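Q: Please take a close look at one part of this protein. I would like the charged contacts first, and then what surrounds them.

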Amino acid sequence: MDLLSIILLAIGLAMDCLAVSLTKGLSSVTRPQWGYALLMAVCFGLYQGLMPLLSFFAGVSFTEFFDRWTHWIALILLGIIGGKMIYEGFTGHTDSAAETKSDKHLFSFWGIQVLAIATSIDAFATGVLFISSPQMLWLGVSVIALVSFLFSVAGYWLGTMFGKRFRFNANLVGGLILIAIGLKIFIEHYI
């Protein structure tokens, strides 16, 4: 495991963070919530870095056991959140009070934690990559966390920019993206 491999791994893992953050940015076009977006980026980076660390210390046997269920957990969590967003997209929140309430719900502390866990589940399996090169573990964990943080901030910023320029149902699009991420994690497990 060399630095280039770690960077490429980190970018691959951070794509889910980018997509979810982009969705959140699109959903908060009424008023960007930069404090919550920063909290989201910190949580995404923290969980993405923590998962490989946990699987490294848990060892191969526990990781194999956990790997049997992670794809189901991600599919269910992201499916529920995405389904709720799609439902809200079809019911429509047209008044500003409802949009503000929806924005606050999207950025609740526990909502961010669930999204951070759901998007970082696939990172759990990567800890076993460091078993053969333990000297790279802390560098790897740091790079994964930093790239996830940066992609989350960039995704939110891009989402707010697109949301201001183009009018479309952000909840519907965001819900579809979250469900697609859950399906991607689920399908990748079997491929």
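A: What follows starts at the salt bridges and works outward to the cores, the ring pairs and the surface. The model is a predicted one.

Start with the charges. Two salt bridges turn up in a search of the whole structure. One joins Asp16 to Lys184, with 3.4 Å between the closest N and O atoms. Asp16 sits in helix H1 (residues 3-27) and Lys184 in helix H6 (residues 170-190), so this pair ties together parts 168 residues apart in sequence. The two partners differ in cover. Asp16 counts as buried, because its relative accessibility is 2% and buried means under 20%. Lys184 is partly exposed, at 31% relative accessible area.

Lys184 also meets the side chain of Glu188 in a salt bridge, at 3.7 Å from N to O. This link stays within one helix. Glu188 and Lys184 are four residues apart in helix H6, which means about one helical turn separates them. Glu188 is partly exposed, with a relative accessibility of 43%. Taken together, Asp16, Lys184 and Glu188 form a network of salt bridges.

Now look around Asp16. Beyond residues up to four places away in sequence, Asp16 touches Thr119, Asp122, Ile181, Lys184 and Ile185. One of these, Ile181, leads into the nonpolar interior. Ile181 belongs to the largest nonpolar core, which has 21 residues. Val20, Phe44, Leu78, Leu115, Leu178 and Ile181 touch the most other members of this core. H1, H2, helix H4 (109-124) and H6 each supply at least two of its residues. H2 provides the largest share, nine residues.

Leu178 shows how this core is put together. Apart from neighbours within four places in sequence, Leu178 is in contact with Val20, Leu78, Ile81, Gly82, Met85 and Leu115. Among them, Val20, Leu78 and Leu115 are also listed with Leu178 as residues that touch the most other core members. A second, separate core has 17 residues, including Ala14, Phe124, Met136 and Val147. As a general matter, nonpolar side chains in soluble globular proteins tend to be buried together.

Ala14 gives a way into the next region. Ser148 is in contact with Ala14, Cys17, Phe44, Gly45 and Gln48, leaving aside neighbours within four places in sequence. Ser148 lies in helix H5 (residues 137-165). Ser148 is buried, with a relative accessible area of 0%. Among its contacts, Phe44 is also one of the residues that touch the most other members of the largest core.

Next, the aromatic rings. The structure holds five aromatic pairs. In one of them, the ring centres of Trp34 and Tyr156 are 4.8 Å apart and the planes stand at 85°, so this pair is edge-to-face. Trp34 is in helix H2 and Tyr156 in helix H5, so the pair ties together parts 122 residues apart in sequence. Trp34 is partly exposed, at 41% relative accessible area. Tyr156 counts as buried, at 1% relative accessibility.

Phe56 and Phe57 make another pair. Their ring centres are 5.1 Å apart and their planes meet at 80°, so this pair is also edge-to-face. The cover of the two residues is unlike. Phe56 counts as buried, at 17% relative accessibility. Phe57 counts as exposed, at 57%.

Ring pairs also link Trp72, Phe186 and Tyr190 into a cluster. This cluster leads out to the surface. Trp72 and Tyr190 both belong to a nonpolar surface patch of about 750 Å². Phe65, Trp69, Ile73, Ile76 and Ile80 are also part of that patch. Helix H2 (residues 34-91) gives the most to the patch, with six residues. One patch residue, Trp69, lies in helix H2. Trp69 is partly exposed, with a relative accessible area of 48%.

To put the part you asked about in one place: Lys184 bridges to Asp16 and to Glu188. Asp16 in helix H1 is the buried partner, at 2% relative accessibility. Its contact Ile181 takes the path on into the largest nonpolar core.

Note on methods. Residues are numbered from 1 along each chain as its sequence is written. This is a predicted model: local features need pLDDT of at least 70, side-chain atom pairs count only at pLDDT 80 or more; totals for chains, interfaces and linings use all residues. Side-chain values use heavy atoms; hydrogens and water are left out. A salt bridge is a side-chain nitrogen of Lys or Arg within 4 Å of a carboxyl oxygen of Asp or Glu. Buried means under 20% relative accessible area, exposed over 50%, partly exposed in between (1.4 Å probe, protein chains only). Patches are made of residues with over 30% relative accessible area and no salt bridge: like charges are joined within 9 Å, nonpolar side chains (Val, Leu, Ile, Met, Phe, Trp, Tyr) within 5 Å. Accessible areas come from the Shrake-Rupley method with a 1.4 Å probe; for residues, only the protein chains shown count as cover. Contact means heavy atoms within 4.5 Å. Rings of Phe, Tyr and Trp (its six-membered ring) pair if their centres lie within 6.5 Å; planes under 30 degrees apart count as stacked, over 60 as edge-to-face and the rest as tilted. A nonpolar core is a set of buried Ala, Val, Leu, Ile, Met, Phe, Trp, Tyr and Cys residues joined through side-chain atoms within 4.5 Å.
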